[in-house]
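Student: Could you take me through one part of this model closely, the stretch that carries a domain annotation, and then connect that part to what surrounds it?

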2 protein chains.
Amino acid sequence: MDSTQLLKGVLDSAVLAVLEDEDGYGYDIVRRLRVAGFEDIGDASVYGTLRRLYANGFLTSYVVPSESGPHRKYYGINASGRAQLKESTATWRTFAGAMDRLLGTRRGERV
Amino acid sequence: MDSTQLLKGVLDSAVLAVLEDEDGYGYDIVRRLRVAGFEDIGDASVYGTLRRLYANGFLTSYVVPSESGPHRKYYGINASGRAQLKESTATWRTFAGAMDRLLGTRRGERV
DNA sequence: CACAGTACTCTGCAATGTGTAGTACCGTGT
DNA sequence: ACACGGTACTACACATTGCAGAGTACTGTG
């Protein structure tokens, strides 16, 4: 049940994908990812990923004061981030395809 | 192009899946995995994984002398390993499903 | 006998997700 | 006025794990 290791190398793409949909701030992105199926994701993982993606030039950032709580640090995806997302999505598909074949997902699913 | 991180948490399942098909030794498993689509996999990763899986009680092991080279340490999957594979396969499907939805794989592929 | 190919082991390293603690702001209840 | 829970972010130490590199050893070939 420990999907921690599965996240490695995928969290970046997941965060970029969520941001491609709409700008967001850390706390919000954590919620969106959990709703999307990554229920056990840790807050710190997402914040760390956001900082890393920003440092790599894939995201823009701006602070928005909130009426109901502390300020929010919004992140948005830029052209470089979109290119990165496109590439990592392709890598994911290839990789997931190989995994599916190995595990016999297609064969076994039949429903 | 660096799928190194994607392997984390998946190599175990991949190795178990290959062994479910047929017993094998390290050097051979590396080749089989590469043919299966994990072309950039490192030898040391597989040997390490085999040792870990064996230490966790998922594999049996026996040495077979070879006529054309050094001895070969064969590994085979046991009941415990099969159970583990079944569970990690389920985890993988859930996880990959969430990823696919996020990345819009289904939308773009036209089944 | 040197060398390439096969086969395995060991060590140190790098990347990354996580828990924990800490800071700070806001609204509500008492 | 004050405690408290929810929101929001930061920093740090840690564990896991894949990998490169070096080393050992056996076999067949030129």
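Tutor: The part to look at is residues 15–87 of chain A, which an unreviewed UniProt entry lists as "domain: Transcription regulator PadR N-terminal". The model is a predicted one, and in it the span is 53% helix and 19% strand, with its end C-alpha atoms lying 14 Å apart.

Take the strands of chain A to begin with. An open sheet is formed by 3 strands in the order β1-β3-β2, with antiparallel pairing. Because β1 (24–25) and β2 (59–64) of chain A stand at the edges with a single partner strand each, one side of each is left without a neighbour in the sheet. Between β2(A) and β3(A), which run antiparallel, there are 6 bridges, and A:Tyr62 has A:Tyr74 in β3(A) as its bridge partner.

The packing can be followed from A:Val15, the residue at which the annotated span begins. Leaving aside residues up to four places away in sequence, A:Val15 touches A:Ile29, A:Val46, A:Thr49, A:Leu50 and A:Leu53. A:Val15 also belongs to the largest nonpolar core, which has 58 residues, and it is listed there with A:Ala14, B:Ala14 and B:Val15 as touching the most other members. As a general background, nonpolar side chains in soluble globular proteins tend to be buried together.

That core has members from chain B among its best-connected residues, which leads on to the contact between the two chains, where 25 residues of chain B meet 25 residues of chain A. On the chain B side, α1, α2 and α5 (79–103) each supply at least two residues, and the largest share, 11 residues, comes from α5(B). By class, this side of chain B has 14 nonpolar, 8 polar and 3 charged residues.

The remaining neighbour to consider is DNA strand D, which is surrounded by 29 residues, the closest being A:Tyr25, A:Gly26, B:Leu11, B:Gly42 and B:Ser45. From chain A, α3 (26–35), α4 (43–55) and β3 (72–77) each supply at least two residues of the surface near this strand, as do α1 (4–7), α2 (11–21) and α4 (43–55) of chain B. The largest share of that surface, 4 residues, comes from α4(B), and by class the surface near DNA strand D has 10 nonpolar, 12 polar and 7 charged residues. The strand β3(A) thus appears in two settings, within the sheet order β1-β3-β2 and among the suppliers of the surface near DNA strand D.

Key. Residues are numbered from 1 along each chain as its sequence is written. Chains are lettered from A and ligands numbered from 1 in the order in which they are written. This is a predicted model: local features need pLDDT of at least 70, side-chain atom pairs count only at pLDDT 80 or more; totals for chains, interfaces and linings use all residues. UniProt positions are given in the numbering used here, feature names are shortened, and annotations may be inferred rather than shown by experiment. A residue is near a molecule or strand if its C-beta atom, placed from the backbone, lies within 6 Å of it. Ala, Val, Leu, Ile, Met, Phe, Trp, Tyr, Cys and Pro count as nonpolar, Asp, Glu, Lys and Arg as charged, and the others, Gly among them, as polar. Two residues are in contact if their C-beta atoms, placed from the backbone, lie within 7 Å. Two strands pair if DSSP finds at least two bridges between them. A nonpolar core is a set of buried Ala, Val, Leu, Ile, Met, Phe, Trp, Tyr and Cys residues joined through C-beta atoms within 7 Å. A residue is buried if 20 or more other C-beta atoms lie within 10 Å of its own, exposed if 12 or fewer, and partly exposed in between; C-beta atoms are placed from the backbone.
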